[in-house]
Amino acid sequence: MAQIPTSAVAAAGLVGGYATARWTGVRPLGGVVLAAAGTLAAREWHRRTTPTTTALLGAAYVAAFAGSHPLAKKIGAWPAVFTTAAAVATAAYATADRA
């Protein structure tokens, strides 16, 4: 069975979490989406990489979520979400997905 790249899961978690919160008006629901995708990605990072790499990717995921907020004030909400999601996806691809 083909595996979904963790880069796609992480990016989808960031974009999907924001989209869910925005379109439903329920921020905690967006957090559930964000956390579920982050947990799934972290489990795969743990399986595929070292504990240090897993921790760094997890920190990058959380930093992307937190960093998108101040970035949104400068470039807008959707561009900030897409920018941070792309950064995390790139890091995940380079460290965990590229085989």
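Helices here are DSSP runs of H or I, at least four residues long, numbered from the N terminus. Keep that in mind as you click around this predicted model.

**Stop 1: Ala42**

Start by selecting Ala42, which sits in helix α2. α2 spans residues 27-48. Colour by accessibility and Ala42 comes out as partly exposed, because its relative accessibility is 27%. Now add Ala55 and draw a distance between the two C-alpha atoms: you should get 8.4 Å, for a pair 13 residues apart along the chain.

**Stop 2: Thr54**

Stay in this area and pick Thr54, in helix α3 (residues 51-75). Is Thr54 buried or exposed? The cut-off for buried is under 20% relative accessible area, and Thr54 has 14%, so buried is the call. Show what surrounds Thr54: setting aside neighbours within four places in sequence, the contacts are Ala42, Trp45, His46 and Thr49. So there's Ala42 again, among the residues that touch Thr54.

**Stop 3: the salt-bridge network**

Next, select Glu44, Arg47, Arg48 and Asp97 and show their side chains as sticks. Salt bridges with shared partners tie these four into one network, and the structure holds three salt bridges. Take them one at a time:

- Glu44 to Arg47: a salt bridge at 2.9 Å, N to O. Both residues are in helix α2, three residues apart, or about one turn of the helix.
- Glu44 to Arg48: the closest N and O atoms are 3.2 Å apart. About one helical turn separates this pair, because they are four residues apart in α2.
- Arg48 to Asp97: here the closest N and O atoms are 2.8 Å apart. This bridge links distant parts of the chain, with Arg48 in α2, Asp97 in α4 and their positions 49 residues apart.

How covered are the players? Glu44 is partly exposed at 22% relative accessible area, and Arg48 is partly exposed too, at 26%. Asp97, at 15%, counts as buried.

**Stop 4: Thr6**

Keep Asp97 on screen and add Thr6. Which residue does the Thr6 side chain meet in a polar contact? It's Asp97, and the two side chains are 2.6 Å apart at that contact. Thr6 belongs to helix α1 (residues 6-24) and is buried, with just 1% relative accessibility. Leaving out residues up to four places away in sequence, Thr6 touches Ala41, Glu44, Trp45, Arg48, Ala92, Ala96 and Asp97. Three members of the salt-bridge network show up in that list: Glu44, Arg48 and Asp97.

**Stop 5: the core**

Hide the polar stuff and go for the largest nonpolar core, which has 16 residues. Ala10, Leu14, Trp45, Leu57, Tyr61 and Val88 have the most contacts inside this core. Each of α1, α2, α3 and α4 (77-97) supplies at least two of its residues, and α4 gives the most, with five. In soluble globular proteins, nonpolar side chains tend to be buried together.

For a closer look, centre on Leu14. Beyond residues up to four places away in sequence, Leu14 touches Leu34, Tyr61, Ala64, Phe65, Val81, Thr84, Ala85 and Val88.

**Stop 6: out to the surface**

Finish by switching on the surface and selecting Val26, Leu29 and Val32. They form a nonpolar surface patch, together having about 230 Å² of accessible area. Val26 lies in the loop between α1 and α2 and counts as partly exposed, because its relative accessibility is 37%.

Terms used. Residues are numbered from 1 along each chain as its sequence is written. This is a predicted model: local features need pLDDT of at least 70, side-chain atom pairs count only at pLDDT 80 or more; totals for chains, interfaces and linings use all residues. Side-chain values use heavy atoms; hydrogens and water are left out. Buried means under 20% relative accessible area, exposed over 50%, partly exposed in between (1.4 Å probe, protein chains only). A polar contact is a pair of N or O atoms within 3.5 Å; within protein, one must be able to donate a hydrogen and the other to accept it, and residues adjacent in sequence count only if both atoms are side-chain atoms. Contact means heavy atoms within 4.5 Å. Patches are made of residues with over 30% relative accessible area and no salt bridge: like charges are joined within 9 Å, nonpolar side chains (Val, Leu, Ile, Met, Phe, Trp, Tyr) within 5 Å. Accessible areas come from the Shrake-Rupley method with a 1.4 Å probe; for residues, only the protein chains shown count as cover. A nonpolar core is a set of buried Ala, Val, Leu, Ile, Met, Phe, Trp, Tyr and Cys residues joined through side-chain atoms within 4.5 Å.
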